[in-house]
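Student: I have just opened this structure and would love a guided tour. Could we go through it one question at a time?

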Amino acid sequence: MEVPKRGKRLQVVGGGVVAGRDFTGLRWAAIELQDSMPGWARLLPVGARRPMADRWVITFEDCNFSGLRCMGFDPGPARFIRCRFDDVRVGFSPDALVHAHFVDCVFSGELHGNLSAQRNYRDPRGRAVISGNDFRRLAGASYMDGVDLETNRWDHGGEHLVVRRGGPGWPSVTARREEHEQLRWLVDNTKPGTRQSFGVFERQYTDLDLWAFLTYHVLAHAPGTPEPALLPRPAPVPLMQTHESREPTLDMDAFERGEVRLAPLTARVQVGPEMVDLQVDHAQLVELLSRTTGLDGAVLLEQELVPSDRLDRLRRASADDIARASDPWSAPNEKAPDTLGPWQQDLIEQELRTLQELLRRHPDEPLTILQP
């Protein structure tokens, strides 16, 4: 069948093999690929399900998805074999890890989400395979739970740094794990006994001080070079997702022009001489400040200077006050979406405390929300 180039929501249910198709230039707000595995089959052991896997799960072989623009992509357990994803801007739905198979594919552009090879009850074969792919020109993805380090390729030493458990610089990483959120995440998720033994850091999504620290320890450096300082400011958690799985409402034309960022969305604020990127978007920051300070959201959205005396409430806020204000997605008496997991709640609370500490260090300085 012919697939329309543009639309709001595309849902494909079923299995079979699609070979050699040209899907270039697709512009969809949301795409969902669902398997047709019957409920009774989920009760069978993996070995008994595998013979029917091709009928229940769709497989794309030698297909071209270049130029794909999609804010909410849920591939389910679909398989992509020798496919091209050049110049894509894709955001995976954040309600679960991405368990699709990617084998011998080529990527470039932005693909935001967590690629995982852990066990998946939705997949008749039990586990995704992510191997032989070219990720050298790809930004935004995290690689977890058994992604193949040996066959996949990254731009190590360029836009990427691949940090192996037990590899160069690992003793320094473990020694400093408590000083930085991303280092702590890396060490905790690559412990012996886990299926993951490495982490991939991207230059554009890594704090400058952490990037300098990793470059110094993981890559070769001149003898006698002083070790760069590692600031205590936490970096974004690699698991961070920044768009909702609810029906997208963003302007697709703005998304295609690159005016809408998928991840990681940040709100840049400045208090006195200090400037910091909070890992929430501007709308979320406005909501957080409105809930904790009573500041006018319209004024905040205009990025106007906010007098510091109106921020005293946030300076004095207790841990309970911050916890109550840290859910910007739900209005009073409205149930929060299921996609707001505990780690997201913790991250938002962490960002509020970061802002609170920044204001405490500069009690007489105004706060400015800067353009991202």
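Student: Which cysteine sulfur is closest to the sulfur of Cys-83, and how far away is it?
Tutor: First, a word on the source: this is a predicted model in which local features need pLDDT of at least 70, side-chain atom pairs count only at pLDDT 80 or more, and totals for chains, interfaces and linings use all residues. Residues are numbered from 1 along each chain as its sequence is written, and side-chain values use heavy atoms, with hydrogens and water left out. The closest cysteine sulfur to that of Cys-83 belongs to Cys-105, and the gap is too far for a bond: 4.8 Å.

Student: How many disulfides does that leave in the count?
Tutor: A disulfide is a covalent bond between the sulfur atoms of two cysteines. The rule used here asks for a pair of cysteine sulfur atoms within 2.5 Å. By this rule the count of disulfides is zero.

Student: Is Cys-83 buried or exposed?
Tutor: Buried means under 20% relative accessible area, exposed means over 50%, and partly exposed is in between (1.4 Å probe, protein chains only). Cys-70, another cysteine, has 0% relative accessibility and counts as buried. With a relative accessible area of 1%, Cys-83 is buried.

Student: How many helices and strands are in the chain?
Tutor: Both are DSSP runs numbered from the N terminus: helices are H or I with at least four residues, and strands are E with at least two. By that definition, the chain has eleven helices and 16 strands.

Student: What is the strand order in the open sheet of six strands?
Tutor: Two strands pair if DSSP finds at least two bridges between them. In this sheet the pairing is parallel; for example, three bridges join strand 5 (residues 69-74) to strand 7, and Arg-69 stands opposite Arg-89 in strand 7. The order of the six strands is 1-3-5-7-9-11.

Student: Which strands stand at the edges of that sheet?
Tutor: Look for strands with a single partner strand, so that one side of each is left without a neighbour in the sheet. Those are strand 1 (6-13) and strand 11 (134-144).

Student: What is the strand order in the open sheet of three strands?
Tutor: Here the pairing is antiparallel. Five bridges join strand 14 (residues 267-271) to strand 15, with Val-269 opposite Val-276 in strand 15. The order is 15-14-16.

Student: Which strands have a single partner there?
Tutor: The strands at the edges are the ones to look for, as one side of each is left without a neighbour in the sheet. They are strand 15 (274-278) and strand 16 (367-370).

Student: How many residues of strand 13 are buried?
Tutor: Strand 13 (residues 198-202) pairs with strand 12 (residues 160-164) in the antiparallel sense over five bridges, and Gly-199 is the bridge partner of Val-163. Phe-198, Val-200 and Glu-202 point one way, while Gly-199 and Phe-201 point the other way, and all are buried. That gives five of its five residues.

Student: How many aromatic pairs are found in the whole structure?
Tutor: Rings of Phe, Tyr and Trp (its six-membered ring) pair if their centres lie within 6.5 Å; planes under 30 degrees apart are stacked, over 60 edge-to-face, and the rest tilted. A search of the whole structure finds 16.

Student: What kind of pair do Phe-60 and Phe-65 form?
Tutor: Their rings are 5.3 Å apart, centre to centre, with 85° between the planes. Phe-60 is buried at a relative accessible area of 6%, and Phe-65 is buried at 8%. The pair is edge-to-face.

Student: How many residues apart are Phe-85 and Phe-102?
Tutor: These two also form an edge-to-face pair, 6.1 Å centre to centre with 75° between the planes. Phe-85 lies in strand 7 (residues 84-92) and Phe-102 in strand 8 (residues 101-103), so the pair links distant parts of the chain. Phe-85 counts as buried at 3% relative accessibility, and Phe-102 is buried at 2%. Along the chain, they are 17 residues apart.

Student: Where does Asp-104 lie?
Tutor: Asp-104 has a positive phi of about 60° although it is not a glycine. With a relative accessible area of 40%, Asp-104 is partly exposed. Its place is the loop between strand 8 and strand 9 (106-116).
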